[in-house]
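Trainee: I should like to work through this structure with you, one question at a time. May we begin with the side chains and proceed to the sheet?

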Amino acid sequence: LGRFDPVKGLHTAVEALRRVPANLNVRLDVYAAEAPQHRFYAARVREMAAGDPRIRFHPPRDRGGVAACMAEADALLVPSVWMETGPLVVLEAMAAGLYVLGSNRGGIAELVDSPASGECIAAEDPQSWAEAIARLARRKSEVGLPRLRRSVRSMADVAADMMDIYATL
């Protein structure tokens, strides 16, 4: 749920999924916008995924469609390779009760801060991502993946925190 851009790390997710054993019930649905400056990256990612029917590419979703996608998903992968400062998609996933597998960088690691919310994985380490995806798939087949119930900070909460920080400076 985003865009084809090398900093978003989709290549890591695709490579990781290709390493997950085929006998595990796993599917990667990609809803990504393609900007002209990233068309070569998008083509490379699609080429990496070629031949693996578990990886599906879809047109990007509008704001209303994001919630529908999350309602159908078991987890959200956020394999960013850069320092996401305020990853809204992680907040949206948490609000939807999804488990998050995210890069251990920046705001993602700050939000995915306990096993109850998800797992942080080394960015650009496809093997570690594959192992995390496989663990999650096994857990789903053994005990299921209930929707997580947690409170999510609103933008008003974030703004209030920022005001407190600025007031102390």
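Trainee: Is R3 buried, partly exposed or exposed?

Mentor: The model is a predicted one, and the answer rests on a computed accessibility. Buried requires under 20% relative accessible area and exposed requires over 50%. R3 has a relative accessible area of 39%, so R3 is partly exposed.

Trainee: With which residue does the side chain of R3 meet in a salt bridge?

Mentor: Side chains of opposite charge can pair when their charged atoms come close. Here the N to O distance is 3.3 Å. The partner has a relative accessible area of 10% and is therefore buried. The residue that meets R3 is D5.

Trainee: Which residue of β2 stands opposite R3?

Mentor: Strand β1 covers residues 2-3, and two bridges join β1 to β2, residues 28-33. The two strands run parallel. Opposite R3 in β2 stands A33.

Trainee: Which strands stand at the edges of the sheet?

Mentor: Three strands form an open sheet with parallel pairing, in the order β1-β2-β3. An edge strand has a single partner, so one side of it is left without a neighbour in the sheet. The strands at the edges are β1 (2-3) and β3 (55-58).

Trainee: How many residues apart in sequence are the parts that the aromatic pair ties together?

Mentor: The structure holds one aromatic pair, formed by F4 and F57. The rings are stacked, with 6.2 Å centre to centre and 25° between the planes. F4 lies in the loop between β1 and α1 (10-19) and F57 in strand β3, so the parts tied together are apart in sequence by 53 residues.

Trainee: Is F4 buried or exposed, and which charged residue sits over the ring of F57?

Mentor: At 1% relative accessibility, F4 counts as buried. F57, at 26%, counts as partly exposed. A charged end sits over the ring of F57 at 5.4 Å from its centre, and this charged end belongs to R46.

Trainee: What distance separates the closest N and O atoms of R19 and E15?

Mentor: Both residues lie in helix α1, four residues apart, about one turn of the helix. R19 counts as partly exposed at 41% relative accessibility, and E15 counts as partly exposed at 30%. They form a salt bridge in which the closest N and O atoms are apart by 2.6 Å.

Trainee: Are R54 and D52 buried or exposed?

Mentor: The side chains of R54 and D52 meet in a salt bridge, at 3.0 Å from N to O. As to accessibility, both R54 and D52 are buried.

Note on methods: Residues numbered from 1 in each chain as written. Predicted model: local features only at pLDDT ≥ 70, side-chain atom pairs only at ≥ 80, totals over all residues. Heavy atoms only, no water. Pairing = 2+ DSSP bridges. Phe/Tyr/Trp six-rings, centres within 6.5 Å; stacked < 30°, edge-to-face > 60°. Buried < 20%, exposed > 50% of the residue type's maximum accessible area, 1.4 Å probe, protein only. Lys NZ or Arg CZ within 6 Å of the ring centre and 35° of its normal. Salt bridge = Lys/Arg side-chain N within 4 Å of Asp/Glu carboxyl O.
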